[in-house]
Amino acid sequence: MIEVRQLSKSFGSQLILDGVDLRIESGESAVIIGRSGGGKSVLLKHIIGLLQPDAGEVFVDGENITRMNERQLLRVRSKFGMVFQGAALFDSMTVAENVAFPLERKHQFTPGEIAKRVVAALEMVDLPGTEKKKPAELSGGMRKRVGLARAIVYEPQIVLYDEPTTGLDPIVSDSIDKLIIRVRDHLKVTSIVVTHDMRSAQRVGNHVIMLHEKKVYANCTPEKLFASTDPVVRQFVDGVADK
Amino acid sequence: MNFLAGTWVGEWLIGLGRLALLTREAVAACLTLKASRRDLLYQIYFIGIKSQAVVLVTGAFTGMVLTAQTYFQFHKVKMDTATLAVVGVSMCDELGPVLTALMVAGRVGAAIAAEIGTMRVTDQIDALRTLATHPIDYLVVPRLLASIIALPLLTMESIVLGITSGYLVGTQLLGIDPTYLYYDMMKYMNDVDVVFGLVKSFVYGGIIALIGCYKGLTCGMGAEGVGRATTEAVVYSSITILITNFFLTLLLQRLYVLIS
């Protein structure tokens, strides 16, 4: 379970989040939506402890992570897997080495077990046979899939997706959505997806959190959000520019 | 301290504080052996083996030119055979460690800052953190250990080659008597000169790795940020080495006098 209480964050003089409250239960698939620059990725980075808030608290399974130092956070982060917007693959390594990286750092597996898990993770993201390729040889969609394979190979309890379909064509975006649903259902993980792709939000989420003007503006099911008559929600859902 | 905020002095002091914190954490991680052996060996290869050519050429030609210049001056007062003693002491105490460190700072310091800086701007360092890996353990510790292992070895090579090439220039080109040249060098040089050179190179190894890593880890966003971090890593490492050399020379001499 993840709980965020009165979270505020500024960069310099620019206030990004102002008293954000939210709660995501275990096994839930939450989607965070909002306008570009609205603080969605900043919120996600607070949930995994990559950023420290100016005020407020973040609880992961009842533990307050806001007061932890980097070494204490390493233990909490082993519960998480994160897929970055640009995949953030280690470009000096092959696909197999990227996916094997978290397993090798744990020092709990034999080389044979690691190889088996790498193959299984790459099969799960529909990329078998790409083990020896370098990230530079992959397309944007393939890179995100490898990023997902790396995030799930050690079977985390929570997977965070930072704009997983941004910059991809509709067909590849659709396949990534299906993959997120497949990972959620097969591994029974809690998913938190940051996106401004409304189709994706509707498909992968069973709980939508909308950020607007630095706060949580809506927190409901996708059905309720898409049926809403609130002008702010409607403008975002319909994708209508300001006059 | 508020009056310093926003000024270059304030920024410099903040940077110095952050570098000190990075040093403390990296040294603590080194002591608990948090680097993988494979990463350490790769960094020793990259810093030590790949720097051979540049360090050896620098050492050889420094020894040769120093021999020639010293001979031209000493010849006037008929002290030709003392030439190699001056070259030996200079190479061991100052030129060997300092020039080796400056050359390695240019090659390795820049590469460290560029590699880590690129990882930072492409979210690879955040990815490391999400994979429960501390960036200091994975990125800084192997580079720091490799640098403090490789620098003394490179310095030794540079010193040996500098003295050897000086000896050859003195005997083959300038016509100095080889026996007296060697005898005078052994007479005026001490073991402690070699120890001073090694101690200095050990410190410079730490400076190059720490400043390179610090500049990479704190670099600004985009290609411009990486470019600036790379330049600053070389400039700051070189200046720090030159300033540290002066104080280290005084300190080591004082310590030697106290001990002996």
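## Exercises on a predicted two-chain model

**Exercise 1.** How many bridges join strand β7 of chain A to strand β8 of chain A, and do these strands run parallel or antiparallel?

Solution. Strand β7 (residues 158-162) and strand β8 (residues 190-194) of chain A are joined by 5 bridges and run parallel. One pair can be located by residue: D162(A) faces V194(A) of β8(A). The model is a predicted one.

**Exercise 2.** Place these strands in their sheet, and find which strands of chain A stand at the edges.

Solution. Step one is the strand order: the open sheet has 6 strands, arranged β6-β7-β8-β3-β9-β10 in chain A, with mixed pairing. Step two is the edges: β6 (80-83) and β10 (215-220) of chain A each have a single partner strand, so one side of each lacks a neighbour in the sheet. Step three is the twist, which averages 15° from one strand to the next.

**Exercise 3.** State which strands of chain A are covered by helices α5 and α6.

Solution. Helix α5 (residues 140-152) of chain A lies across β6 and β7 of chain A, at about 175° to β6(A). Helix α6 (residues 170-187) of chain A lies across β3 (29-34), β7 and β8 of chain A, and runs at about 160° to β8(A).

**Exercise 4.** Check the length of helix α1 of chain B against the span expected at 1.5 Å a residue.

Solution. Helix α1 (residues 8-31) of chain B has 24 residues, which should span 34 Å. The end C-alpha atoms are 34 Å apart, so the two values agree. After α1(B) comes L33(B), with a positive phi near 50°.

**Exercise 5.** Decide whether Y45(B) is buried or exposed.

Solution. Y45(B) belongs to helix α2 (residues 37-49) of chain B. A residue counts as exposed with 12 or fewer other C-beta atoms within 10 Å. Y45(B) has 12 such neighbours inside 10 Å, and therefore counts as exposed. Its C-alpha atom is 8.4 Å from that of A146(B), 101 residues away along the chain.

**Exercise 6.** Describe how helices α6 and α8 of chain B pack.

Solution. Two packed helices are described by the angle between their axes and the distance between the axes. For α6 (residues 135-173) and α8 (residues 191-217) of chain B, the angle is about 145° and the axes are 8 Å apart. The crossing is right-handed. The residues in this contact comprise 17 nonpolar, 6 polar and 1 charged. Among them are L139(B) and L144(B) from α6(B), and F202(B) and L210(B) from α8(B).

How values were computed:
Residues numbered from 1 in each chain as written. Chains lettered and ligands numbered in written order. Predicted model: local features only at pLDDT ≥ 70, side-chain atom pairs only at ≥ 80, totals over all residues. Helix = DSSP H or I, 4+ residues; strand = E, 2+ residues; numbered from the N terminus. Expected span 1.5 Å × (residues − 1). Buried ≥ 20, exposed ≤ 12 C-beta atoms within 10 Å, placed from the backbone. Axes fitted to C-alpha atoms, helices over the stretch in contact; angles between N-to-C directions. Left-handed = near helix turned anticlockwise from the far one by under 90°. Contact = placed C-beta atoms within 7 Å. Nonpolar A, V, L, I, M, F, W, Y, C, P; charged D, E, K, R; others polar. Pairing = 2+ DSSP bridges.
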